[in-house]
Amino acid sequence: MNRPRRWRSALRAGLAGTVLLSVLAIAADRLFPPDMGRLDDVSTLVLDSEGRVLRAFTAESGAWRLPASAAAVDPLFLEMLFAFEDHRYRRHPGVDPLAVARAFAQMVRHGRVVSGASTITMQTARLLEPRPRTIGAKLAEMTRAVQLEARYSKDDILDFYLTLTPYGGNLEGVRAASLAWFGKEPRHLAPSEAALLVALPQAPELLRPDRYPVRARQARDKILDVMLRRGVLDEEAVREAKGEPVASRRLAMPFHAPHLARRLARSHPDTQVHRTTVDGELQAALERLLRVEQARLDRAAGIAVLVVDNASRAILAYAGSSDFFDERRYGQIDMVQAIRSPGSTLKPFIYGIAFDDMLIHPETVVTDIPTRFGAYRPENFNMVYHGEVTVREALQQSLNVPAVAVLDAVGPRRFDARLRGAGVALRYGGHGEPGLPLALGGVGLSLADLVMLYAGLADGGVRKPLLATADGPAGGDEAPLFGAAAAWYVTRILEAAPPPVNFVDPGATRGNRRIAYKTGTSYGYRDAWAVGYDRRHTVGVWIGRPDGTPSPDRYGRATAAPVLFKVFGLLPDGSGPANPVRPEGVLDVATSELPVRLQRLAGSIDRPASVARSLTHPLMVAFPPDGSEVQLDRNGGGYPALTLLAEGGRKPFRWLVNGRPVASPPHRRRAGWQPDGEGFVQITVIDADGRIARAEVLLR
């Protein structure tokens, strides 16, 4: 009878002791939690849309401590890591009793430490709280390891390890090491690379491949031999891996889209990882292009480019300058956000609002002659005036006087209010206010806002904010610029603008990409602009000197437009027109068929025709030019129509080829003529004043 009582007493005492020890352990864990501070001091990362590093910033300690996770690391590396460091990682509670027993037995047998017993969790504890290598420190690591296992999952602890492991110099974590030694993310590692990354933490400073390549190779090959013995790799894989060279130099960390990365890091200092919408491969290709293009400029001029996806308004590429580190170009100034004079790039929106108000139509006739608007007298860029032109021609040729006349009809204050209502604030110097000069660039605007406006044109006249981060509010804050019909008119006009010199019209290529674009040049040649869009993308280009000094002979069409077309050449297929569906309300007729009030812009009727005639540019056949040879591309046995284009003169026009009339709308400068064979032809155009221009052309 006494024995059962003694057993029950012992059992109660044992349970009480267990409870007491548990309480003490929990209390100790709460009173002395593991210090996780080093994980708070990690590098800020700015990533592209695929999670690749665009730019990293060092931690406060000065280390490249890039946050890493097992999910973003090559499985082969993890398999090799477990095989070499801790093959029972998933099963032990932080301390591996079998490894401890083995290490102790080997030490007794050999009289020295032969192998360690540190698990990955214990190593993580040491990385979190570095201590001198003593028996007491080892016991503390074991205690901390058990604490970590109680507090965190195995996956979390592995992520801590992959973030903190030293790899030589100020490199910490597998991600920083992979970028510095191999120039790539650790998602895909060759066996030789994975083996080196397993070896380096054994002695980070003594095995640095940039300083001790022989030691690094030997350490890597030792890991490969272990992997062969443990069945992770076969003989052929090990042989091939040993034949691979070891990285001999440390590479610079990725440095793409630096202006955008800096802006995000500064605006959200508490965020460690910023996932952007940037296409990393496109960004790198754009930066390579701009390094080539800036060589064509003077040493003080730079380039800024912004590329946007029309559907989502996501920023796909962002170059605030063409060389971030060039002090002579003020490369660290973000010219995507800088306020500059937009030149003529706002003209499409002036015409768009006028289309929306039914003040004009693309075939409305306006007069391009020297005109005074109160005290303001605008002049054309080349001081040449064209007399009577259609709105379509005025916008395509970026004529200044017609644009100011249309803005005068719309009202500059109303234009300013429309853009402000769409979320774009125009900046006026000093105490300035909206006035007619804003049609020609007398206002301040950023490239980012300009691209946002043009993306709205590509989207039927609906303005949406641009998105830089993957968690941005997609599709929010929509605001109408003008109706779909007005956007359709503007798009069709800008698509028909001739390409820059030495560039083929994209619409004539196999892909049939249509680029609707507009150029601009600010006063004094300080800013050269080109902004355009196709079915899928909008691109903005700024070229100039960030300090605001003039760049002589640099203007939009000659300087910025070629870069714009080259950037479009980097983009995926955008074949077909933007705004392809004709919206309701579009009126596609000749001038004579328009309602009377739309045939001429109000205010143009009273101008004497004699004044217009005297200031009209001389009539000429612009295409095909006199004395040229035209190669006819026969398709299916027939000849394609040949476009005839007149410059100067006054409407209406009559066309003749070899003395025979060519049917064409009288108020358009273009005509289409169907050749019937090869040989010489004489092309004649006659304007409203009876002036005649001819061109002799050889068709082949």
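**A walk through the predicted model, from surface to sheets**

Tyr 525 is partly exposed, because its relative accessible area is 33%, a value that lies between the limits of 20% for buried and 50% for exposed. The structure described here is a predicted model, and this tyrosine makes a convenient place to enter it. Tyr 525 sits in the loop that links β12 (516-521) to β13 (527-533). Together with Phe 381 and Tyr 555, Tyr 525 makes a nonpolar surface patch of about 290 Å².

With that starting point in place, the protein as a whole can be introduced. The protein has 700 residues, and 54% of them are buried. Its secondary structure consists of 22 helices and 22 strands. The accessible surface comes to about 32,300 Å², with carbon and sulfur atoms providing 54% of that area. As for contacts, among those in the protein with a separation of 6 or more, 70% are between residues 24 or more positions apart.

Two sheets are worth a visit, and a general point helps in reading them. Strands of a sheet pair through backbone hydrogen bonds, in either a parallel or an antiparallel sense. One open sheet has three strands in the order β2-β1-β5, and its pairing is mixed. Its edge strands are β2 and β5 (273-275), each of which pairs on one side only. On average, neighbouring strands in this sheet are turned by 10 degrees against each other, direction ignored. Helix α12 (residues 258-267) packs on this sheet and touches β1, β2 and β5. The direction of α12 makes about 55 degrees with that of β2.

Within this sheet, the pair formed by β1 and β2 can be followed residue by residue. Strand β1 (residues 44-47) pairs with β2 in the antiparallel sense, over four bridges. Thr 44 stands opposite Phe 57 in β2, while Leu 45 stands opposite Ala 56 in β2. The two strands form a hairpin with five residues between them. In the turn of this hairpin, Gly 51 has a positive phi of about 90 degrees. Strand β2 (residues 53-57) is mostly covered, with five of its five residues buried.

The other sheet is also open and has three strands, here in the order β15-β17-β20 with antiparallel pairing. The edges are formed by β15 (620-623) and β20 (670-673), each pairing on one side only. Neighbouring strands of this sheet are turned by 35 degrees against each other on average, again with direction ignored. Three bridges connect β15 with strand β17 (residues 642-647) in the antiparallel sense. Met 620 stands opposite Glu 647 in β17.

A further hairpin is built from β6 and β7, with five residues between the strands. In its turn, Arg 313 has a positive phi of about 65 degrees. Strand β6 (residues 302-309) runs antiparallel to β7, and four bridges join the two. Val 307 has Ala 317 in β7 as its bridge partner. Strand β7 (residues 315-319) is largely enclosed by the rest of the structure, because five of its five residues are buried.

Contacts lead from this hairpin to Leu 290, which is placed in helix α13 (residues 280-294). Leu 290 counts as buried because its relative accessibility is 1%. Leaving aside residues up to four places away in sequence, Leu 290 touches Ile 303, Val 305, Ala 319, Ser 322 and Val 563. Val 563 lies 273 residues from Leu 290 along the chain, yet the C-alpha atoms of these two residues are separated by 8.4 Å.

Helix α5 offers a final look at the interior. Nine of the nine residues of α5 (residues 120-128) are buried, so this helix is largely enclosed by the rest of the structure. Its buried residues include Arg 126 and Gln 123, along with Ile 120, Met 122, Leu 127 and Leu 128. Thr 121, Thr 124 and Ala 125 are also among the buried residues of α5. The elements covering these residues include α2 (37-40), α3 (75-85), α6 (135-151) and α7 (154-164).

Technical notes:
Residues numbered from 1 in each chain as written. Predicted model: local features only at pLDDT ≥ 70, side-chain atom pairs only at ≥ 80, totals over all residues. Heavy atoms only, no water. Buried < 20%, exposed > 50% of the residue type's maximum accessible area, 1.4 Å probe, protein only. Pairing = 2+ DSSP bridges. Axes fitted to C-alpha atoms, helices over the stretch in contact; angles between N-to-C directions. Contact = heavy atoms within 4.5 Å. Patch = residues over 30% accessible without salt bridge, like charges linked within 9 Å, V, L, I, M, F, W, Y side chains within 5 Å. Areas by Shrake-Rupley, 256 points an atom, 1.4 Å probe, with all protein chains shown as cover. Salt bridge = Lys/Arg side-chain N within 4 Å of Asp/Glu carboxyl O.
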